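Work through the exercises below with the structure in view. Each task is followed by a solution in steps.

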Amino acid sequence: MTVAIEMGQTTAGAAAAIDLEELLATRLLVQGNSGSGKSHLLRRLLEQSAPWVQQTIIDPEGDFVTLAERFGHLVIDAEDHTERSLQVAGERVRIHRVSTVLNLEGLDAENQMRRAAAFLGGMFEVPRDHWYPMLVVVDEAQLFAPAIAGEVSDEARKLSLGAMTNLMCRGRKRGLAGIIATQRLAKLAKNVAAEASNFLMGRTFLDIDMARAADLLGMERRQAEAFRDLERGQFMALGPALSRRPLGLRIGPTDTQPRNAAPRLMPLPEAALEDARAIILAAPPPETTARPPRRAPSPDLLSQLMAAKPAEPDPESAEPPPSAEQLAERRERLDRILRAILAEPDAGFRAIGVLYQEFVVRCRIEGLGAVVPELTEFRRMLTRARAGLGADMAEDDAWQDVSLRAALLPEDMQGVFMMIARAAKEGWPCPSDAAIARAYGTHSLRRARHLLTYIEEQGLIVCQLDGAGRRTVTLVELAWATAAADPNADDAAAEAGCSSSPP
Ligand SMILES: Nc1ncnc2c1ncn2[C@@H]1O[C@H](COP(=O)(O)OP(=O)(O)OP(=O)(O)O)[C@@H](O)[C@H]1O
Ligand SMILES: [Mg+2]
């Protein structure tokens with residue numbers, strides 16, 4: 001019996017199908033630039049084949065979790081599991097023949113690679129009794145099998161590349177049919193791409209990708225030029241499971257929708273024209289906007305920070321720098337304006353651009369138009385303010401040290417770190433996930449937990465849970481520690497515990 005998976009229509013209007021048994025034996029590579037319709041294609045393939053064959057999706061963005069409702073896939077949030085438990089889960093998936101989505105959303109590249117490798121490893125290493133056929137779909141495969149070393153550790157790369165190579169090169173015997181999709185063929189490890197005998201090529205712009213595609217398909221490079229003109233959802237098919245000669249096809253509709261739909265058009269913020277003129281055409285802040293003088297940090301920290309540290313103002317500049325008192329007073333006023341903006345309901349979730357506009361207008365009203373901080377500085381103020389920290393803390397010696405450490409983190413995380421540092425310094429209860437999420441400007445508790453893990457991985461904090469599930473965070477080296485508190489405490493309780501700045 002052959003099972004034909006209907007993918008859509010050929011350019012000539014006939015039904016375009018994939019031969020499932022042939023696909024299981026020969027694997028598939030999908031390539032096309034962003035927006036060409038790869039994920040849609042994968043979804044169509046998964047939906048159409050779900051009744052026939054077990055499947056698993058390695059899903060870096062959490063796009064495919066919506067398959068669960070309709071087709072009963074088990075969603076595994078990789079963020080919540082260790083590598084070891086994912087390895088075991090991979091084995092059990094095969095033993096019990098359950099279709100799954102491995103959702104890797106919210107993890108950094110290193111952990112996405114490690115956890116995907118663990119899960120794939122489990123599926124690969126299951127005993128022979130369980131080698132039933134299944135589809136293993138990997139979207140954005142270049143993340144897991146990159147052509148060149150990126151920023152991740154060698155170990156993570158080796159694990160992940162090994163798992164992908166096993167899947168594509170040695171998986172067939174074990175019943176695993178690799179189906180991989182990538183935006184950029186040139187970014188995908190060659191040995192992983194080379195094992196697929198079926199190709200679906202979508203719109204491709206870059207010469208280097210076109211050349212790789214032509215090589216893989218055994219086409220003239222000139223012929224591959226046609227990939228430039230493909231529309232969204234249009235693919236060129238070739239391979240034993242598809243067509244013996246290059247065949248144009250258009251992918252049909254899907255029953256389910258990606259969870260992360262494209263950004264929608266939003267009504268523009270209501271701002272009177274006068275305001276717009278004032279905001280856009282306001283005199284730029286003077287170049288010499290002075291920063292508070294820094295106390296000398298310890299030399300090794302200093303060298304670490306040199307790369308990231310913004311340039312000090314030019315001492316030769318004409319204008320005399322404002323006195324320390326003037327600076328402090330100015331900072332306090334700017335801070336007050338910011339606090340007033342943040343006190344408005346839902347301010348925590350408004351786009352930074354909108355908050356900045358409002359901030360600029362209010363500064364001008366208060367006669368501070370000439371010293372309005374630039375957007376990057378505003379961003380910094382915002383993260384500190386969201387974390388409940390006042391400008392006055394810049395004076396404190398210990399805080400200088402904390403801000404230097406914070407500078408090792410990406411800017412948007414610094415405020416959260418400062419908030420935790422503050423709680424630790426004062427011995428307050430450890431901020432809950434909800435409080436951390438709010439300080440980070442997100443509704444997602446998972447993202448908050450992920451953030452905490454990230455900061456811990458950077459060696460800045462140590463998180464511990466006690467027997468009752470209460471969390472303590474200790475600052476590395478400073479050894480300040482928060483009081484133990486329930487990470488799941490609701491926002492209001494957490495707020496009372498950790499944010500002391502008056503509105
Ligand atoms: N054949 C199709 N019919 C209808 N809509 C489609 C089709 N293919 C893609 N789309 C729509 O086009 C948009 C982009 O498609 P998709 O997300 O599949 O692109 P992609 O190639 O996966 O991009 P990226 O590499 O950025 O993930 C989506 O909104 C999708 O629903
Ligand atoms: Mg996609």
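**Exercise 1.** Find which side-chain and backbone atoms make polar contacts with oxygen atoms of ligand 1.

Solution. Start with Q183: an N or O atom of the Q183 side chain is 2.8 Å from an oxygen atom of ligand 1. A polar contact is a pair of N or O atoms within 3.5 Å. Next take S34, where a side-chain N or O atom is 2.5 Å from a ligand 1 oxygen. Then turn to H40, whose backbone supplies an N or O atom 2.8 Å from an oxygen of ligand 1. On its own, ligand 1 has 630 Å² of accessible area (Shrake-Rupley method, 1.4 Å probe), and the protein covers 71% of that area.

The model is predicted: local features need pLDDT of at least 70, side-chain atom pairs count only at pLDDT 80 or more, and totals for chains, interfaces and linings use all residues. Residues are numbered from 1 along each chain as its sequence is written, chains are lettered from A and ligands numbered from 1 in the order written, and side-chain values use heavy atoms, without hydrogens and water.

**Exercise 2.** Describe the residues around ligand 1.

Solution. There are 13 residues around ligand 1 (a heavy atom within 4 Å), and S34, G35, K38, S39 and H40 come nearest. By class, one is nonpolar, nine are polar and three are charged. Helix α2, residues 38–49, gives the most to this shell, with three residues.

**Exercise 3.** How many disulfides does the structure have?

Solution. A search of the whole structure for cysteine sulfur pairs within 2.5 Å finds zero disulfides. For C463, the nearest cysteine sulfur belongs to C430 and is 7.0 Å away.

Notes: Polar contact = N/O pair within 3.5 Å; in protein donor to acceptor, adjacent residues only side chain to side chain. Helix = DSSP H or I, 4+ residues; strand = E, 2+ residues; numbered from the N terminus. Nonpolar A, V, L, I, M, F, W, Y, C, P; charged D, E, K, R; others polar.
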